[in-house]
Amino acid sequence: MITGALATTAAVAIAERRARRPLSSVYAGRSHAILLRGLLALRTSNALAFMTGFVEPVLFLVAFGYGVGGLVGTVEIGGVEVPYAAYIAPALLAASAMNGAIIDTTFNVFFKMHYLGLYRTMMSTSLGPLDVALGEIGWAMIRGAAYAIGFLVVVTAFGLTTTWWALLLVPAAVLVAFAFASLGMTLTSYMTSFQQLNWLNFFLLPMFLFSGTFYPITTYPQWLQWVIEATPLWQAIALMRGLTFGVLDGGLAGHVAYFAVLATVGLYLTARRLDALFLR
Amino acid sequence: MVAVIRAHGLTKAYGDLVAVDGVDFGVEPGESFGVLGPNGAGKSTTMRMLGATLQRTSGDLAILGRDPAHEGPIIRAHLGVVPQQDNLDTELTVAENLYTYGRYFGLPRAHLRERVDGLLAFAQLEEKRDVKVDALSGGMKRRLTIARGLVNEPSLLLLDEPTTGLDPQARHILWDRLFRLKEDGVTLVITTHYMDEAEQLCDRLVVMDGGRIVAEGSPQGLIRAHSTREVVEVRFGSDRNLEVAAHLGGIGRRLEILPDRILVYSDSGEHDLQEIVARGFMPVTSLVRRSSLEDVFLRLTGRSLVDE
Ligand SMILES: Nc1ncnc2c1ncn2[C@@H]1O[C@H](COP(=O)(O)OP(=O)(O)O)[C@@H](O)[C@H]1O
Ligand SMILES: [Mg+2]
C-alpha cells in the first residue's frame with residue numbers, strides 16, 4: 001500500500017547494502033540521481049537560459065577574431081604565424097568552459113541552496129553530501145563542457161583548428177569545466193547573499209580580459225605575469241592553446257595537474273561544507 | 001519490538017541559546033505522537049534531530065534502535081519528512097518532484113513510475129501531474145510534500161506543522177489523508193501549535209515550551225490532569241474584566257484573567273455562569289465550552305498558545 005509499516009523496504013535495503021562500503025556516511029554512490037534532476041529541470045524550466053551560453057563565445061570570435069583581427073594580422077606561436085582569430089579561439093574555448101561551469105555553480109547553486117532549499121531536501125533522503133557535491137559539480141561540468149564542445153564544432157567549421165591534437169580539447173574542456181565548477185561551488189557554499197556573488201563577477205571579467213585571452217601576457221611586467229599564471233583561466237588558456245597548435249611540452253602536464261588538484265580540493269571542500277550546513 | 005524513537009536528555013544548543021533542553025520521550029510503532037508548543041519552543045529543532053539531519057549537542061537518541069550520529073543514511077531511508085517549509089522543487093513538475101525524490105533513495109525507475117501514480121492518487125493531485133509546482137494552491141503543495149515524504153514507504157513520518165497557514169477546508173482534507181496513514185500503521189510524529197489538530201490526530205503528546213517538555217499524556221488525559229471539565233468565558237469589556245474578576249471569588253475552581261475575557265474553570269459551566277449573573281454582573285458575551293488543550297497550555301505556561 002502507501003507505506004510499509006516497519007517492513008524492510010527497497011529504500012532501506014539499498015541503504016543497508018551501501019552501509020557496508022567505505023565512505024557510506026558521506027557517499028551513497030548516487031550522484032547520477034542529481035544529474036537526472038538537472039536534466040529534468042533543464043527540460044521543464046531552464047532550456048532557454050542554457051542555450052544562450054552557446055552563442056556568447058561565437059559573438060566574441062566574430063567581433064574580436066574577425067573584426068579586430070583584421071587590424072592585427074597574424075600572431076606567432078611556436079615559430080608559426082597564425083591568424084588572430086585562430087589565436088584567440090582556444091582562449092574563448094577555455095572561457096566558455098569556465099563560464100558554463102561558473103554560472104551554474106554560482107547563481108544557480110546559490111538559488112538552489114537558499115531559495116529552493118534543494119540541498120536540504122536532497123540530504124533528508126539517504127543521499128550524502130558527497131553525492132550532492134559530485135552531482136551538482138558534475139552537472140555544471142556538463143554545462144561548461146557542452147559550451148566548449150559546441151564552440152569547438154564552430155571553430156572547426158571556420159577552419160581554425162589545425163592539428164589532430166585538437167581532439168584532446170574535448171577531455172581538456174571536461175577537466176577544466178569540472179575544476180571551475182568545483183571552485184565555483186566551494187566559493188558559493190560560503191556565501192550568504194547575492195551581493196557577494198556579484199563580487200565574484202567583479203573578478204571574473206578582468207580575469208577574462210587580461211589572462212592572455214586576446215594578447216600574450218609577455219606585455220606585462222614579470223611580477224604581474226606570475227600572478228596571472230596562477231589564475232585558473234590562464235592555466236586553461238595555456239592548456240587549450242598548447243593542444244590546439246600541437247605545442248606539447250612539460251608545461252601541459254603541469255596544467256593538467258593544476259586542474260586535477262583544483263577539482264579534487266573543491267569537491268572535498270564542497271562536500272564538507274554541505275555536511276556542515278545541512279547535516280550538523 | 002524495537003521502539004521507533006527513544007530520546008533521553010536530548011539537547012541542542014546554538015551557541016548560548018539552548019533550543020532543545022534535555023527532553024525525554026519515546027514513540028512506539030504505530031503511534032501518533034504530537035509535539036505541541038508555541039513558536040520558538042524547539043519543535044523544528046527536535047524534528048531535525050529525529051530526521052538525522054541535525055546533530056544533537058548532548059543526550060541519547062535512537063531512531064529504530066540506531067544512532068543518527070552514526071547511521072544517518074539508513075535512518076533517513078526509513079523516514080518520511082515533511083518539513084515546516086514545503087521545499088518543493090519549483091523547477092520541476094508535480095510528478096517529477098515525486099520521481100526525482102524516489103531516485104535520491106536509489107529506487108528503480110519501473111518501481112517509481114507505478115509508485116508515483118499511486119501517490120498522486122493518494123494526494124488527489126492526478127490532474128496536476130504535469131503542472132509545475134508554483135501553480136499549486138497551498139493545500140495542494142502540502143499534500144504533494146506529504147506524498148513526496150511517502151515515496152520510500154517510510155515506517156516513520158515526521159510532519160512539522162503540516163497545516164499551518166492552510167484554510168479550514170484544506171486542513172480537513174489533509175487530516176483525512178493523515179488518518180489514512182495512521183490506519184495503515186505508519187508511525188506519525190506531528191508538531192503543531194493548533195490544539196484541535198493535536199486533539200484530532202494524536203494518541204499521545206508532549207507540550208513543549210522554551211525547549212523543555214512541560215507535560216505529557218493523551219489529549220484527554222492532559223485535559224483531565226490540568227484543567228476542569230468545562231470553561232466559562234465571560235467578557236465585560238477590556239477595561240472592566242479585572243475589576244469584575246475581583247468579585248468572582250469562590251466561583252468555579254480557578255479564574256484566569258486575560259486582557260479580553262475572564263475564564264472560569266468549572267465542573268458545571270451553566271451553574272457557575274448563573275452564579276456570576278446572580279452576583280449582579282451581566283457579561284457582554286458569555287460562552288460555556290469544554291476544556292481544550294489550549295487551557296492546558298495556558299495553565300502550564302501562563303501564556304496563550306497562538307498569539308492573538
Ligand atoms: N540554525 C539556528 N541557529 C540559531 N538558532 C536557531 C536555529 N534554528 C532555530 N534556532 C532557535 O532555536 C529556538 C527554537 O527554534 P525552533 O526549533 O525552530 O522552534 P519551533 O519550531 O518550535 O518554532 C528559537 O529560539 C530559534 O530562534
Ligand atoms: Mg518550527
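Leaving aside neighbours within four places in sequence, H78(B) is in contact with one residue of chain A, V12(A), and with L64(B), N152(B), P154(B), S155(B) and L156(B) of chain B. The model in which these contacts appear is a predicted one. H78(B) belongs to helix α2 of chain B, which covers residues 72-78, and because its relative accessibility is 11%, below the 20% cut-off for burial, H78(B) counts as buried.

A second residue of chain B, A245(B), can be described in the same terms. A245(B) is found in helix α9, which covers residues 241-245 of chain B, and its relative accessibility of 10% means that A245(B) too counts as buried. Once the neighbours within four places in sequence are set aside, A245(B) is in contact with L255(B), I257(B) and I262(B). The C-alpha atom of A245(B) lies 57 Å from that of L98(B), a residue 147 positions away along the chain.

The domain assignment of chain B gives domain 1 as residues 5-223 and domain 2 as residues 228-290. Taken over C-alpha atoms, the centres of domain 1 of chain B and domain 2 of chain B are separated by 39 Å.

Chain A contains 10 helices and two strands, and from the N terminus on its elements follow the order α-α-β-β-α-α-α-α-α-α-α-α. The radius of gyration of chain A is 21 Å, close to the 19 Å that the globule rule gives for 280 residues, so chain A is as compact as a globular protein of that length. Along the principal axes, the C-alpha atoms of chain A fill a box of roughly 75 × 40 × 35 Å.

Further values for chain A are set out below.

| Property of chain A | Value |
|---|---|
| Residues counted as buried, of 280 residues | 52% |
| Share of contacts with a separation of 6 or more that join residues 24 or more positions apart | 78% |
| Exposed area | about 12,300 Å² |
| Share of the exposed area supplied by carbon and sulfur atoms | 71% |
| Distance between the centres of the positive and negative side chains | 17 Å |

The last row of the table rests on 14 positive and 10 negative side chains in chain A.

Definitions and conventions
Residues are numbered from 1 along each chain as its sequence is written. Chains are lettered from A and ligands numbered from 1 in the order in which they are written. This is a predicted model: local features need pLDDT of at least 70, side-chain atom pairs count only at pLDDT 80 or more; totals for chains, interfaces and linings use all residues. Side-chain values use heavy atoms; hydrogens and water are left out. Helices (H or I, at least four residues) and strands (E, at least two) are DSSP runs, numbered from the N terminus. The radius of gyration is taken over C-alpha atoms; the globule rule is 2.2 Å times the number of residues to the power 0.38. Buried means under 20% relative accessible area, exposed over 50%, partly exposed in between (1.4 Å probe, protein chains only). Contact means heavy atoms within 4.5 Å. Accessible areas come from the Shrake-Rupley method with a 1.4 Å probe; for residues, only the protein chains shown count as cover. Lys and Arg count as positive and Asp and Glu as negative; His and the chain ends are not counted. The place of a charge is taken as NZ of Lys, CZ of Arg, CG of Asp or CD of Glu. Domain bounds come from an automatic or database domain assignment.
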